[in-house]
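Work through the exercises below with the sequence and the model side by side. Try each task before reading its solution.

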Amino acid sequence: MVVAETREADVVVVGAGPGGSSAAYHLTRHGLTVLLLEKTEFPREKVCGDGLTPRAVRQLVRMGIGTDPADGWLHNKGLRILGGGVRMELDWPDLASFPDYGLTRTRLDFDQLLALHAKGAGAELLTGHNVTGPVLDDAGRVVGVTAAVGPGKEPRTFRAPLVLAADGVSARLALALGMAKREDRPIGVAVRRYYRSPTRHDDDYLESWLELRSKEAGDKLLPGYGWIFGLGDGRVNVGLGVLNSSAAWGRTNFRAMLTDWLATTPPDWGMNDEANAAGPILGAALPMGFNRVPHYTRGVLLVGDSGGMVNPFNGEGIAYAMESAELAAETVVQALARPAGPARERVLQGYPAELKARYGGYYRLGHWFVKLIGNPQLMRIGTRHALPHPVLMRFVLKLMANLTDPRGGDAMDRIINGLSRLAPAA
Ligand SMILES: Cc1cc2nc3c(=O)[nH]c(=O)nc-3n(C[C@H](O)[C@H](O)[C@H](O)COP(=O)(O)OP(=O)(O)OC[C@H]3O[C@@H](n4cnc5c(N)ncnc54)[C@H](O)[C@@H]3O)c2cc1C
């Protein structure tokens with residue numbers, strides 16, 4: 001009988017999206033052996049807006065990844081907001097803690113770049129490895145994973161004292177451990193499509209639409225929020241999202257809504273002509289505000305979307321996947337330096353505690369915000385009255401993009417940080 005090979009490492013990381021690849025990078029930089037298991041083969045698409053705020057750029061910088069335009073990045077200066085008849089450009093804030101620019105790059109490129117960066121740092125990247133479940137010891141603790149490998153789905157086992165679940169919103173590993181998503185947390189669904197758009201592809205602002213209208217339905221207001229992000233390669237990433245606080249939740253035809261909205265855009269943008277579409281309309285869920293907890297249990301740490309870490313204010317998930325990955329890696333390094341048992345467990349419990357301290361209050365504010373904007377009247381009042389005020393909108397940008405200095409910031413930073421501290425952690 002041929003016994004399938006079992007591989008061992010200090011850490012097994014499941015999923016090579018931004019969370020998994022960042023975690024693998026930081027772990028290997030601390031000298032640990034890492035198996036990074038990814039079910040797909042790179043390059044591969046991932047449904048996303050492809051937009052990075054300064055928060056995500058800071059994480060790239062921390063990983064030593066160059067962000068020069070010559071390396072294929074399109075830089076942006078800030079956010080352009082459209083709504084209530086107002087069009088306003090807000091530059092990213094000038095802060096000590098974050099760079100003052102954002103980026104765009106397709107996930108086709110971006111995810112491969114990060115995975116290869118982790119591999120370059122020493123992680124063993126194993127693509128075509130679909131993780132099928134946890135391996136448990138007699139005490140019910142996770143000591144590895146099983147995977148179906150390659151086209152033949154050959155079963156293999158990968159063992160490690162600690163496992164990071166960075167398998168995205170499907171959260172297969174967490175589900176196998178009985179960790180269902182929390183229904184009392186915000187969640188969104190979003191769709192996107194690429195269009196060829198010579199006039200809009202090199203936009204140096206990320207564009208956000210607070211009001212979407214449909215020509216078809218007599219200038220009717222559509223539920224949801226849209227974006228147009230230039231990619232600098234002749235294409236734009238255009239999409240829209242709906243939150244579960246909306247009355248339209250669960251009964252929205254997203255594809256029709258996207259084309260209805262785009263039919264109202266100027267013809268020279270090229271987005272109301274099927275001939276300019278570069279691929280299908282694809283959608284996915286955005287798990288927000290810690291909608292899956294606990295973030296550590298029985299030898300497994302949840303990173304990024306698997307732990308529901310998308311920012312409820314703006315739908316940004318890449319930065320939080322990369323930040324939680326770095327924190328998880330630091331926790332694991334310290335944990336593995338202690339003997340297995342209570343001393344190690346104490347360190348590991350520090351991961352959910354630190355996540356809660358960093359984002360818990362802010363995500364609670366985000367949850368309240370999601371509930372508020374679920375009411376179209378309130379949203380309309382907010383759009384009409386807040387948008388014409390640049391100072392107020394600069395505050396809103398800092399709040400929604402979570403961009404403040406923790407120390408030495410301005411009055412806006414102090415208010416936002418104070419509110420986040422006061423709000424009960426999500
Ligand atoms: C339409 C849309 C637009 C968005 N726009 C933006 C945006 O502009 N900016 C932003 O910051 N965020 C955006 N997000 C959110 C962002 O895409 C996610 O938050 C982010 O990808 C999370 O990263 P992750 O590494 O946690 O998970 P993922 O990126 O989902 O990576 C998970 C990885 O795990 C792999 N995997 C899954 N299951 C298994 C398995 N069983 N075995 C092995 N591997 C597995 C997957 O193939 C994948 O490579 C958007 C989301 C959607 C749906």
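## Exercise 1: Helix H2

What covers the buried residues of H2 includes H1, strand E4 (51-52), E8, H6 and helix H9 (390-401). Helices (H or I, at least four residues) and strands (E, at least two) are DSSP runs, numbered from the N terminus. The model is a predicted one, in which local features need pLDDT of at least 70, side-chain atom pairs count only at pLDDT 80 or more, and totals for chains, interfaces and linings use all residues. Residue numbers start from 1 along each chain as its sequence is written.

Task: Which residues of helix H2 are buried?

Solution.
1. Begin with the term: a residue is buried if 20 or more other C-beta atoms lie within 10 Å of its own, exposed if 12 or fewer, and partly exposed in between, with C-beta atoms placed from the backbone.
2. Find helix H2 at residues 54-62.
3. The buried residues there are Pro54, Arg55, Ala56, Val57, Gln59 and Leu60.
4. After H2 comes Gly64, with a positive phi near 70 degrees.

## Exercise 2: Helix H5 and Leu212

Task: Which residues of helix H5 are buried, and why do they line one face of the helix?

Solution.
1. H5 spans residues 254-262, and Met257, Leu258, Trp261 and Leu262 are buried in it.
2. Looking down the axis of H5, the buried residues fall within an arc of 125 degrees, so they line one face of the helix. The arc is that of the directions from the helix axis to the C-beta atoms.
3. The cover over these buried residues includes E14, E16, strand E17 (220-222), strand E18 (225-230) and strand E19 (235-243).
4. Now take Leu212, which is in strand E16 (residues 212-214). Leu212 is buried, because 21 other C-beta atoms lie within 10 Å.
5. Leu212 and Leu258 are 46 residues apart in sequence, and their C-alpha atoms are 9.1 Å apart in space.
6. Two residues are in contact if their C-beta atoms, placed from the backbone, lie within 7 Å. Setting aside neighbours within four places in sequence, Leu212 is in contact with Leu222, Gly224, Gly226, Leu240 and Trp261.

## Exercise 3: Two domains and a core

Task: How many residues of domain 1 are in contact with domain 2, and where does the largest nonpolar core lie?

Solution.
1. The domain assignment gives domain 1 (6-77 + 97-183 + 288-367) and domain 2 (187-287). Such bounds come from an automatic or database domain assignment.
2. The C-alpha centres of domain 1 and domain 2 lie 28 Å apart.
3. In domain 1, 21 residues are in contact with 22 residues of domain 2.
4. On the side of domain 1 that touches domain 2, strand E5 (74-76) and strand E8 (102-104) are the elements giving two or more residues. E5 gives the largest share, three residues.
5. A nonpolar core is a set of buried Ala, Val, Leu, Ile, Met, Phe, Trp, Tyr and Cys residues joined through C-beta atoms within 7 Å. The largest one has 109 residues, of which Val11, Val12, Val13, Val14 and Leu164 touch the most other members.
6. H6 gives the most to this core, with 12 residues. Both domain 1 and domain 2 give residues to this core, so it lies between them.
7. Not counting residues up to four places away in sequence, Val11 touches Leu27, Leu32, Val34, Ala160, Leu162, Leu164 and Val332.

## Exercise 4: The shell around the ligand

Task: Which residues come nearest to the ligand, and how do the residues of the shell divide by class?

Solution.
1. A residue is near a molecule if its C-beta atom, placed from the backbone, lies within 6 Å of it.
2. There are 41 residues around the ligand, and Gly15, Gly17, Gly168, Gly304 and Gly317 come nearest.
3. For the classes, Ala, Val, Leu, Ile, Met, Phe, Trp, Tyr, Cys and Pro count as nonpolar, Asp, Glu, Lys and Arg as charged, and the others, Gly among them, as polar. The shell then divides into 17 nonpolar, 15 polar and nine charged residues.
4. Domain 1 and domain 2 each supply at least three residues of the shell.

## Exercise 5: Backbone angles

Task: What kind of peptide bond joins Val293 and Pro294?

Solution.
1. Pro294 is in the loop between E20 and strand E21 (296-297).
2. The bond between Val293 and Pro294 is a cis peptide bond, with omega about 0 degrees.
3. Phe290 is in the loop between E20 and E21. Its phi is positive, about 65 degrees, although Phe290 is not a glycine.
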